[in-house]
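Got a few minutes and a viewer open? Here are some exercises to work through by hand, each with a solution.

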Amino acid sequence: MDARNETPPPVQEELFRTFAELGFVTRSPRLLPLLHQVWRVARVSDATVLIEGESGTGKMVVAEAIHRLDPKRCRHPFVTAPCAAISGSVAESELFGHTRGAFSGAVDERLGLFRAGDRGTVFLDDVSDLSPSLQPKLLDVLQRRTVRAVGSDREHRIDVRTIVATNTPLESLVAKGAFRADLLYRLEVIKIHLPPLRDRGDDFAALVLALAARHQDLYAPIRSVDPALAERLSRARWPGNVRQLEHEVERMLFAKASGDTLGLEDLPPQREDAAGADPISDAAIEGAWAAIRQDRIALGDVVRRFEQRLLGRAVGYEGTTRRELAAMLGISERCLYKKLSELRIEPDRALPQPDRAGTDPALGDGGDGEPPADVSRRAAPGPVLERD
């Protein structure tokens, strides 16, 4: 019988404990399907694995967990290859090796990462950064399970499990022609998606405690985490995910004077607001950065589109007059009218105006079509702050 099929999946508490020992800490029942998937990938499959997730979500930790849980490969090497850090000129040599004298500076033979990982696991991090020239060569290696070193005419058969990770959806790169579709199909035999930290609200107490334990050689040990601190941290967006949270925990440990419980009083003053940051603002920033990074949209276009959608939503807010909307936005009515005109948003169809007595009509502006400058002269006087 294959050793992969002998052991049944552990029960919930044992599963949490096993993955905590492997470096992936969670106490959330919502992540149990993910843990079961990782367990089964390691125990009953030898397929190529694609791990997707934002930066700092633990993709390398999960890749190594698969390797260590694999009864066939755990006694052999776990080799990592950061694709984003491998120079294009030596990337083929790094991955597949080279012979002595294959190129200038090749004074010794090099096995390459795939041969070095034989019978074990090769983990390709940031595979989305793999150069177009290397993509067909990687595809050939995965399909034929052989490698040929640079400068050699011999092929070497390898037995490795390949795990790749990306923080950029490969489908979007395929659509742009930046990544081979056939390579994507070969890589995503099994796909694992790691949730961002902001979706793991019930994990913060366990995570903070585990992260504090990593630094107990430098700082006083922490025995518990105040639920109020865990709740405050769970409201932040954490674009850097667990990696960012670890830096925050270390800052708290450094500043802590006494006691073995981390609480709200241990948050650095400059970080208190960040821990309760407005999620809408952070989400907007993340979306804008994704548009710039993935779709190559210029900053000015991103800002214009954001402003256009935001004001389009604002003018559709039922029952809000021009004056009220301008006050909510912190700009004058004239500035509001100018922005709506520049962005080609029809204000008169959505925004009621105050009547001459300063009261709001139920619908429209009475058909006069006058810009807000004229309306403000007719309406009840009041201070207007220019912020444009």
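The exercises below deal with a predicted model.

**Exercise 1. Find which residues line the largest cavity, and sort them by character.**

Solution.
- Start with the search: over the whole structure, 1 cavity of 30 Å³ or more turns up.
- Next, its volume: the largest cavity holds about 70 Å³ of space.
- Now list the lining: D46, A47, T48, F114, V141, L142, R145, I158, V160, R161, T162 and R186.
- Sort these residues and you get 6 nonpolar, 2 polar and 4 charged.
- Finally, map them to elements: helix 6 (135–144) and strand 6 (161–166) each give at least two residues to the lining.

**Exercise 2. Take L142 from that lining and work out whether L142 is buried or exposed, and what L142 touches.**

Solution.
- Place the residue: L142 sits in helix 6.
- Check the accessibility: L142 has a relative accessibility of 6%, so L142 counts as buried.
- List the contacts, skipping neighbours within four places in sequence: T162, L183, R186 and L187.
- Take one of these, T162, and check the backbone: the C-alpha atoms of L142 and T162 are 8.0 Å apart, with the two positions 20 residues apart in sequence.
- Cross-check with the cavity: L142, T162 and R186 are among the lining residues.

**Exercise 3. Do the job again for V160, another residue of the lining.**

Solution.
- V160 belongs to the loop between strand 5 (156–157) and strand 6.
- With a relative accessible area of 6%, which is under the 20% cut-off, V160 is buried.
- Leaving out neighbours within four places in sequence, the contacts of V160 are R73, F114, G117, D118, R119, G120, V122 and R145.
- For a longer hop along the chain, try H76: its C-alpha lies 9.8 Å from that of V160, though the two are 84 residues apart along the chain.

**Exercise 4. Work out how many aromatic pairs the structure holds, and describe the F78 and F123 pair and the F96 and F114 pair.**

Solution.
- The count first: there are 3 aromatic pairs.
- For F78 and F123, the centres are 6.2 Å apart and the planes make 15°, and this pair is stacked.
- Follow the chain: F78 is in strand 2 (residues 78–82) and F123 in strand 3 (residues 121–125), 45 residues apart, and the pair links these distant parts.
- Both F78 and F123 are buried.
- For F96 and F114, the centres are 5.7 Å apart and the planes are at 35°, so this pair is tilted.
- F96 comes from helix 4 (residues 91–96) and F114 from helix 5 (residues 113–116), so the pair ties together parts 18 residues apart in sequence.
- F96 and F114 are both buried too.

**Exercise 5. Identify the buried residues of helix 1 and say what covers them.**

Solution.
- Scan helix 1 (residues 12–21): L15, F16, T18 and F19 are buried.
- Look down the axis: these residues cover an arc of only 165°, so they are on the same side of helix 1.
- Then look at the cover, which includes helix 2 (32–44) and helix 3 (59–69).
- As a last step, go past the end of the helix: G23 follows helix 1 and has a positive phi, near 105°.

**Exercise 6. Finish with T146: which residues does T146 contact?**

Solution.
- T146 lies in strand 4 (residues 146–147).
- The relative accessibility of T146 is 7%, so T146 counts as buried.
- Beyond neighbours within four places in sequence, T146 contacts V141, E155, H156, R157 and I158.
- Of these, V141 and I158 also appear in the lining of the largest cavity.

Notes:
Residues numbered from 1 in each chain as written. Predicted model: local features only at pLDDT ≥ 70, side-chain atom pairs only at ≥ 80, totals over all residues. Heavy atoms only, no water. 1 Å grid on protein atoms, 1.4 Å probe; cavity = no way out; pocket = protein on both sides within 12 Å on 5 of 7 lines; lining within 4 Å. Points joined across faces, edges and corners; volume = space filled by probe spheres on them. Helix = DSSP H or I, 4+ residues; strand = E, 2+ residues; numbered from the N terminus. Nonpolar A, V, L, I, M, F, W, Y, C, P; charged D, E, K, R; others polar. Buried < 20%, exposed > 50% of the residue type's maximum accessible area, 1.4 Å probe, protein only. Contact = heavy atoms within 4.5 Å. Phe/Tyr/Trp six-rings, centres within 6.5 Å; stacked < 30°, edge-to-face > 60°. Arc of directions from axis to C-beta.
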